[in-house]
Amino acid sequence: MANIWLRIFDLRKRNKIGQRALADRLGVSIQTVSKWENAVSMPDISLLPDIAAFFQVTVDELLGLKPLPGEEYIPTESGEKDYWESRLHYLKASRKAFWNEDYLEFLVKNVWKLTKPVQILDCGCGFGYMGRMLLPLLPEESTYTGIDFSRNMIEAGKRLFAECGLDGEFVCEDFQTCRLTKKYDLVISQATLRHVGNAQAFLEKMISHARPGGLVAAIDVNRELESDGFYIDGMDYQELCARDGFRKLWSRELSCQDRDYAIGMRLPVMMQKAGLVHVDVRMNDKVSFLSPDRADHAEMLESLLSEKQWDKACSPEEEEKLILQFVNHGMDRNEAERYCRRQRKIQAYVEKNRESLTWLQWRGLVISYGWKQFKEF
């Protein structure tokens, strides 16, 4: 019964049907229907097709294994300000493994050829990680402006720049609704468009803040590539990167929320359609490899645990909430439960093998960029 979310109460309310009408139709008592709805008991398996037919749903929908037809979609909060106010720890943990500095330097100097001072606008800057990486690689007198709607992120960015002896401006506003008057030589975003709805509009606003001839760069992922890019020695690779149900979830999030799981792959085409020229694409070469003989093994392991949220146990209530969210976003309940069991298994394995853990992670970050035309027709 713990794995079943019987939807009789929801279906009765949706169809404005009383307990007595359902009880009479099935030949049971009102008390029996009440026990079903309060999870005191379950209907006999032979009754399930009749109950489903009465409400014109499938048995899977009746049992909560799939969303009810037309059920209201509850948007993910990852594009909202309040969500990020408490995610600084996660962001710091994940960004440690984003770049090889020599490759970023290669992009700046050999691919983008930024040989003169530039003014940078970082859209959805978080705690200023991208600015911290870029400024030391750019010519002197280059400037950095980071914009983010999270106050905690902005304050952390100011502290990071102060600690590193860097000058930068941090603006606490929602980039999608703010009004900036300046034009910038480099307008950039990193792992931002995967979280927003209407990425095309976000990209077009980025372009609007680039000066004629300015560079626009967006660095983001394809969830399919990201899912395949994780391995822990001693575990089944296919199990580690299994994503049963996630394709349905990603599809529903795209159709209901315009949250694009494949944004990293679509960005070059979007840039061309938005009018950028000389659009091109690179793949970030960073692959994180952790083995016990590394001096930073303990530090990297803690970052991994924090990023994957394997550093704390998930309560049954929290797990059930996650399952219901997954079901609402298109998974069936069995798929959502398998995901949670898999996460518990990985977490237990990592905890048991902390001292000897060897793992590899490739994020599949796609770097898309193009230049704004000097003259727009």
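This report looks at three residues, Lys-286, Lys-113 and His-278, in a predicted model.

## A buried lysine

Let us start with Lys-286, which sits in the loop between strand 7 (277-283) and strand 8 (287-290). Lys-286 is buried, yet it has no salt bridge. Its nearest side chain of opposite charge belongs to Asp-285, and that is 7.7 Å away. A salt bridge would need a nitrogen-to-oxygen distance within 4 Å, so the Asp-285 side chain, at 7.7 Å, does not provide one.

What does the side chain of Lys-286 join through a polar contact? The partner is the side chain of Asn-100, at 3.4 Å.

## The surroundings of Lys-286

Setting aside neighbours within four places in sequence, you can find Lys-286 in contact with Ala-97, Phe-98, Trp-99 and Asn-100. Gln-361 and Trp-362 are also in contact with Lys-286. Asn-100 therefore appears twice in this picture: in the list of contacts and, through its side chain, in the polar contact.

## Two positive phi angles

Now for the backbone. Most residues other than glycine have a negative phi. Lys-113 has a positive value, near 55 degrees, and is not a glycine. You will find Lys-113 in the loop between helix 8 (101-111) and strand 1 (119-123).

His-278 is not a glycine either, and its phi is positive at about 55 degrees. Where does His-278 lie? Its place is in strand 7.

## Buried or exposed?

Lys-113 is exposed, with a relative accessible area of 56%. His-278 is exposed as well, and its relative accessible area is 64%. Lys-286, by contrast, is buried.

Terms used: Residues are numbered from 1 along each chain as its sequence is written. This is a predicted model: local features need pLDDT of at least 70, side-chain atom pairs count only at pLDDT 80 or more; totals for chains, interfaces and linings use all residues. Side-chain values use heavy atoms; hydrogens and water are left out. Helices (H or I, at least four residues) and strands (E, at least two) are DSSP runs, numbered from the N terminus. Buried means under 20% relative accessible area, exposed over 50%, partly exposed in between (1.4 Å probe, protein chains only). Lys and Arg count as positive and Asp and Glu as negative; His and the chain ends are not counted. A polar contact is a pair of N or O atoms within 3.5 Å; within protein, one must be able to donate a hydrogen and the other to accept it, and residues adjacent in sequence count only if both atoms are side-chain atoms. Contact means heavy atoms within 4.5 Å.
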